[in-house]
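Subject: Structure for your review

Hello,

Please find the structure we discussed below. Have a look at it first, then read the notes underneath.

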Amino acid sequence: MSFDPDAAGKPGSGIFGLPHTRPQAGVVLLPVPFDATTSYGNGTAGGPAAIYDASMQVDLYDRRLGRIYERGIFLEPENERIAALSASTRKLSAPIIEQGGAEDSDAPTVARIDSAGEQVNAFTYKHTKKVLAEGKMPGLVGGDHSTPLGAIRACAEASGSLGILHIDAHMDFRDAYEGFRFSHASIMLNVLRTVPQVVKLVQVGIRDFGEGEMDFGIEQGKRVHTYYDDQWAEAMANGTAFTELVRAAVAQLPERVYISFDIDALDPSLCPHTGTPVPGGMSFSQATLLLDALKQCGKKVVGFDLVEVCPGEDEWDANVGARVLYKLCGMGG
């Protein structure tokens with residue numbers, strides 16, 4: 001039976017109601033249900049499953065990106081070992097987070113938490129490297145923002161030279177935040193320190209950060225370009241079109257690009273249950289225009305992640321997350 005993209009998703013079908021097997025897919029999504037170090041709210045480990053459920057309601061024709069589904073999209077099964085590792089590690093980290101960060105006496109526990117992060121990194125690196133070797137586009141679905149480090153490393157090694165479009169409310173330049181080397185708040189610092197092939201980091205939506213993080217970004221020189229949320233708001237208030245702002249931002253990126261999309265980059269009305277919601281941020285339409293600007297400028301997107309989607313009492317966060325994920329699936333090719 002032929003696939004009808006306008007029909008309802010059938011029970012037991014793949015993500016977005018698609019019929020694709022892994023060999024048929026051009027986009028392979030890896031769920032990473034891990035959120036051991038989230039420091040305010042937690043629950044993003046449930047993000048991949050919630051996004052899968054909500055994806056059945058996503059209409060498959062995109063006015064800007066066309067028939068994204070024709071690329072073939074496959075979501076891997078959740079890895080039970082990673083889910084169990086998240087739960088056990090969260091039990092270790094929770095008391096440290098509650099006391100405001102690690103103390104000297106917590107060193108053995110912190111070592112175990114960092115070891116769990118290393119295991120996640122190895123897991124995402126191995127999977128992403130395999131997907132790239134197959135000529136497919138890898139996408140990671142978190143989980144918290146610590147999860148894509150291994151995936152970014154694999155994409156960078158395969159590309160030789162890579163830029164990251166980092167869409168987020170936060171800079172994520174904290175040095176071992178709360179004592180955890182692989183904290184969700186340390187992801188981009190870890191990338192810059194450990195993945196030399198990343199030659200450019202363009203940050204968009206930034207509006208919540210420490211002075212030390214800002215100084216670190218400045219110290220990176222041309223390797224980091226941060227676009228602050230309030231700067232864009234001021235520019236638009238003074239008559240600059242949003243499309244002009246996003247075109248200038250993506251123009252900073254090199255030929256090959258990885259997209260790291262933290263859902264808290266959006267206005268918190270679109271992601272109220274995410275771990276660290278921040279007032280301000282982009283509308284869904286603005287995020288769409290940002291991705292469209294990247295698509296139109298001719299860069300090659302080699303991989304992506306969507307992180308920090310946290311399910312709440314209803315499906316709203318996952319509903320928004322599923323639609324962002326579908327657009328990310330359309331960014332390659």
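The notes below cover a pocket, two helices and a group of strands. Please keep in mind that this is a predicted model.

Pocket

The largest pocket holds about 300 Å³ of space. Its lining comes to 20 residues, and those nearest the centre are Phe3, Asp4, Ala7, Ala8 and Gly17. Sorted by class, the lining of the largest pocket has 11 nonpolar residues, 5 polar ones and 4 charged ones.

Strands

Strand 8 covers residues 300-307, and 7 of its 8 residues are buried, so this strand is largely enclosed by the rest of the structure. Two pairings of strand 8 are listed here. With strand 7 (residues 256-262) it runs parallel, and 7 bridges join the two. Within that pairing, Tyr258 has Gly303 of strand 8 as its bridge partner. The connection from strand 7 to strand 8 passes through helix 9 (residues 284-296), and the resulting β-α-β crossover is right-handed. With strand 3 (residues 137-142), strand 8 also pairs in the parallel sense, over 3 bridges. Here Leu140 stands opposite Asp305 of strand 8.

Helix 4

Helix 4 spans residues 149-159; 8 of its 11 residues are buried, so the helix is largely enclosed by the rest of the structure. The buried residues are Leu149, Gly150, Ala151, Ile152, Ala154, Cys155, Ala156 and Ser159. After helix 4 comes Gly160, which has a positive phi, near 85 degrees.

Ile187 and helix 5

Ile187 belongs to helix 5, which covers residues 187-194. Is Ile187 buried or exposed? Ile187 has a relative accessible area of 1%, and because the cut-off for buried is under 20%, Ile187 counts as buried. Leaving aside residues up to four places away in sequence, Ile187 touches His145, Ser146, Pro148, Leu149 and Asp172. One of these contacts, Leu149, is also among the buried residues of helix 4. Val199 lies 12 residues from Ile187 along the chain, and the C-alpha atoms of the two are separated by 16 Å.

If you want to check these points in the viewer, the pocket can be located from Phe3, Asp4, Ala7, Ala8 and Gly17, which lie nearest its centre. For the strands, the pairs to look up are Tyr258 with Gly303 and Leu140 with Asp305.

Regards

Note on methods
Residues numbered from 1 in each chain as written. Predicted model: local features only at pLDDT ≥ 70, side-chain atom pairs only at ≥ 80, totals over all residues. Heavy atoms only, no water. 1 Å grid on protein atoms, 1.4 Å probe; cavity = no way out; pocket = protein on both sides within 12 Å on 5 of 7 lines; lining within 4 Å. Points joined across faces, edges and corners; volume = space filled by probe spheres on them. Nonpolar A, V, L, I, M, F, W, Y, C, P; charged D, E, K, R; others polar. Helix = DSSP H or I, 4+ residues; strand = E, 2+ residues; numbered from the N terminus. Buried < 20%, exposed > 50% of the residue type's maximum accessible area, 1.4 Å probe, protein only. Contact = heavy atoms within 4.5 Å. Pairing = 2+ DSSP bridges. Right-handed = clockwise from strand over helix to strand, strands pointing away.
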